[in-house]
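Reader: I'd like to learn how to read a ligand site in a model, step by step. Can we work through one together?

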Amino acid sequence: MALKKGDTLFIVLILVVLAVFFAISGEETTSHVPKDEIHARFYPIIQNEGKKAGEKFCGECHNEKQVPFPEGHPPKFRCLFCHKLDRD
Ligand code: HEC
Ligand code: HEC
């Protein structure tokens, strides 16, 4: 039972959609910036002035002396590319 050309295209399309879906959900597993007393004050800065303005403050605490990074943490120059804000 041979597949018609249209069927093959349809299956490929579904596979592409699934692949994109997995790529997006994979990104979401990186922990978010918590919306607690410590981090909540950065939310308006990031939302109004942009990621770069907010990231200036992260290193005040997130360094080897205070809140060390987990082992094997990826290069950390732009925190907010990977660590998203929590949704309201
Ligand atoms: C005043 C100190 C301080 C600053 C500034 C700060 N953090 Fe944190 N951060 C902490 C502490 C303490 C923890 C661990 C306790 C907690 O989860 O709140 C933490 C935890 C985290 C976590 C892990 C949350 C989890 O799910 O385990 C992420 C991600 C994070 N911070 C990102 C950031 C980013 C991005 C910035 C810059 C916008 C930032 N932090 C600025 C002190 C700080
Ligand atoms: C290239 C992507 C990337 C960048 C940039 C990045 N991180 Fe991470 N970070 C991760 C991944 C992946 C993990 C481990 C998985 C997790 O727990 O989120 C992690 C883990 C953490 C944790 C521990 C989270 C926990 O749940 O225990 C903290 C805190 C953290 N990062 C803070 C920062 C800060 C602050 C910056 C900027 C100076 C930064 N990260 C930049 C990808 C990134």
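Reader: Let me start with His 39: how many Å is an N or O atom in its side chain from a nitrogen atom of ligand 1?

Author: Before I answer, keep in mind that this is a predicted model. For polar contacts, look for pairs of N or O atoms within 3.5 Å. Here the side chain of His 39 puts such an atom 2.8 Å from a nitrogen atom of ligand 1. His 62 does likewise, with a side-chain N or O atom 2.7 Å from a nitrogen atom of ligand 1. Add Asp 36, where a polar side-chain atom lies 2.5 Å from an oxygen atom of ligand 1.

Reader: Which residues come nearest to ligand 1?

Author: Out of 18 residues around it, the nearest are Asp 36, His 39, Cys 58, Cys 61 and His 62. Sorted by class, that shell holds 10 nonpolar, 6 polar and 2 charged residues. As for where ligand 1 sits, it is in the largest pocket. Two elements, α3 and α4, each give two or more residues to the shell, and α3 gives the most, with 3.

Reader: On to the metal. Which protein atoms coordinate the iron atom of ligand 1?

Author: NE2 of His 39 and NE2 of His 62, at 1.9 Å. This pair links distant parts of the chain: His 39 is in the loop between α1 (5-27) and α2 (42-49), while His 62 is in the loop between α3 and α4, 23 residues apart.

Reader: And why is the arrangement around that iron atom octahedral?

Author: The general idea is to check the angles: six octahedral donors would ideally give 90 or 180 degrees. Around the iron atom of ligand 1, the 6 donor atoms subtend angles of 88 to 179°, so the arrangement counts as octahedral.

Reader: Let me try the other site. Which residues come nearest to ligand 2?

Author: Ser 31, His 73, Cys 79, Cys 82 and His 83, from a set of 13 around ligand 2. By class, those 13 split into 6 nonpolar, 5 polar and 2 charged residues.

Reader: What lies 2.7 Å from an oxygen atom of ligand 2?

Author: A backbone N or O atom of Ser 31. So don't read side chains alone! They do appear here too: His 73 has a polar side-chain atom 2.7 Å from a nitrogen atom of ligand 2, and for His 83 a side-chain N or O atom is 2.8 Å from a nitrogen atom of ligand 2.

Reader: What are the protein donors of the iron atom of ligand 2?

Author: His 73 and His 83, each through NE2, lying 1.9 Å from the iron. His 73 belongs to the loop between α3 (51-58) and α4 (79-82) and His 83 to the segment after α4, so the pair ties together parts 10 residues apart in sequence. Angles of 87 to 179° among the 6 donor atoms make this arrangement octahedral.

Conventions
Residues numbered from 1 in each chain as written. Chains lettered and ligands numbered in written order. Predicted model: local features only at pLDDT ≥ 70, side-chain atom pairs only at ≥ 80, totals over all residues. Heavy atoms only, no water. Near = heavy atom within 4 Å. Polar contact = N/O pair within 3.5 Å; in protein donor to acceptor, adjacent residues only side chain to side chain. Nonpolar A, V, L, I, M, F, W, Y, C, P; charged D, E, K, R; others polar. Donors = N, O, S within 2.8 Å, 3.2 Å for Na, K, Ca; no water. Tetrahedral: all angles 85-135°; square planar, octahedral: opposite > 155°, others 65-115°. Helix = DSSP H or I, 4+ residues; strand = E, 2+ residues; numbered from the N terminus. 1 Å grid on protein atoms, 1.4 Å probe; cavity = no way out; pocket = protein on both sides within 12 Å on 5 of 7 lines; lining within 4 Å. Sits in = over half its atoms within 2 Å of the grid points.
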